[in-house]
Amino acid sequence: QGSSDLQAIRDPLHDNIPLLLRRTSRYFRLAMQEQMRPKGLGYSHWIFLRSLWIEDEITQRELCKRIGSTEPAAVIALSQLERTGYIQRTRNKTDMRQILLSVTPKGTQLRDELLPFAFELIKWGIKDIPKSELE
């Protein structure tokens, strides 16, 4: 077979929606990871922080439910976020058994730095999709 015959073969899965969504997600993850690396953080930290920026002073269990994470994975990520000063753990004043997670001022500063970048990535990811199709 010649090379022109091979070019005539088209992969029907090359541009299907699930694959394109996966690629877009991967590019988003890699770009966010590059932004977080200088702060000593990875993409998984972004997921935890993003949820805490919406609402903090919640338990680790509640946070895990919200983002669909396992608690063992959360222990590692949250310990790193606490060590780097982006979150803090405090005892719940009304239920002393509970430990609450909250964002520190340093964590809020990181939000203000990362969210504009994330919104630009989102715009980039949907730039050629008509608004009617997005809806």
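**Exercise 1. Classify Glu57 as buried or exposed, then describe its backbone and its surroundings.**

Solution.
- Step 1. Start with accessibility in this predicted model. Glu57 has a relative accessible area of 57%. The cut-off for exposed is over 50%, so Glu57 is exposed.
- Step 2. Place the residue. Glu57 sits in the loop that links H3 and E1.
- Step 3. Check the backbone. Most residues other than glycine have a negative phi. Glu57 is not a glycine, yet its phi is positive, about 60°.
- Step 4. List the contacts. Leaving out residues up to four places away in sequence, Glu57 touches Leu100, Leu101 and Ser102.
- Step 5. Add a distance. From Glu57 to Leu81 there are 24 residues in sequence, and 15 Å in space between C-alpha atoms.

**Exercise 2. Work out the strand order of the sheet and name its edge strands.**

Solution.
- Step 1. Recall the principle. Strands of a sheet pair through backbone hydrogen bonds, in a parallel or an antiparallel way.
- Step 2. Take E1 (residues 58-59). Two bridges pair E1 with E3, in the antiparallel sense. Within E3, Leu101 is the bridge partner of Ile58.
- Step 3. Take E2 (residues 87-91). E2 and E3 are joined by five bridges and run antiparallel. Opposite Arg89 stands Leu101 of E3. Opposite Arg91 stands Ile99 of E3.
- Step 4. Assemble the order. The result is an open sheet of three strands, E1-E3-E2, with antiparallel pairing.
- Step 5. Find the edges. E1 and E2 each pair on one side only, and these are the edge strands.

**Exercise 3. Determine how enclosed strand E3 is, and which helices pack on the sheet.**

Solution.
- Step 1. Count the buried residues of E3 (residues 99-103). Four of its five residues are buried. The cut-off is under 20% relative accessible area.
- Step 2. Draw the conclusion. With four of five residues buried, E3 is largely enclosed by the rest of the structure.
- Step 3. Look at H3. Helix H3 lies across E1, E2 and E3, and runs at about 90° to E3.
- Step 4. Look at H5 (residues 71-83). Helix H5 packs on the sheet and touches E2 and E3. Its direction makes about 105° with that of E2.

**Exercise 4. Describe the packing of H3 (residues 43-54) against H4 (residues 60-67).**

Solution.
- Step 1. Choose the descriptors. Two packed helices are described by the angle and the distance between their axes.
- Step 2. Read the geometry. The axes of H3 and H4 come within 10 Å and cross at roughly 105°.
- Step 3. Name the arrangement. Angles of 65 to 115 degrees count as roughly perpendicular. H3 and H4 are therefore roughly perpendicular to each other.
- Step 4. Identify the residues. H3 contributes Ile47, Phe48, Ser51 and Leu52, while H4 contributes Leu63, Arg66 and Ile67.
- Step 5. Sort them by class. Five are nonpolar, one is polar and one is charged.

**Exercise 5. Decide whether Trp46 is buried or exposed, and list what it touches.**

Solution.
- Step 1. Locate the residue. Trp46 belongs to helix H3.
- Step 2. Apply the cut-off. Buried means under 20% relative accessible area. Trp46 has 2%, so it counts as buried.
- Step 3. Collect the contacts, again without residues up to four places away in sequence. Trp46 touches Phe28, Met32, Met36, Trp53, Leu114, Leu115 and Ala118.
- Step 4. Add a distance. Trp46 and Leu30 lie 16 residues apart in sequence, and 12 Å apart C-alpha to C-alpha.

**Exercise 6. Compare the overall dimensions of the protein chain with those of a compact globule.**

Solution.
- Step 1. Count the elements. The protein chain has seven helices and three strands. From the N terminus, their order is α-α-α-β-α-α-β-β-α-α.
- Step 2. Compare the radii of gyration. A compact globule of 135 residues would have one near 14 Å, whereas the protein chain has 20 Å.
- Step 3. Check the box. Along the principal axes, the C-alpha atoms fill roughly 75 × 30 × 30 Å.
- Step 4. Check burial. Of the 135 residues, 30% count as buried.
- Step 5. Check contact range. Among contacts between residues at least 6 apart in sequence, 48% join residues at least 24 apart.

Notes: Residues numbered from 1 in each chain as written. Predicted model: local features only at pLDDT ≥ 70, side-chain atom pairs only at ≥ 80, totals over all residues. Heavy atoms only, no water. Axes fitted to C-alpha atoms, helices over the stretch in contact; angles between N-to-C directions. Parallel < 35°, antiparallel > 145°, perpendicular 65-115°, else oblique. Contact = heavy atoms within 4.5 Å. Nonpolar A, V, L, I, M, F, W, Y, C, P; charged D, E, K, R; others polar. Buried < 20%, exposed > 50% of the residue type's maximum accessible area, 1.4 Å probe, protein only. Pairing = 2+ DSSP bridges. Rg over C-alpha atoms; globule rule 2.2 N^0.38 Å.
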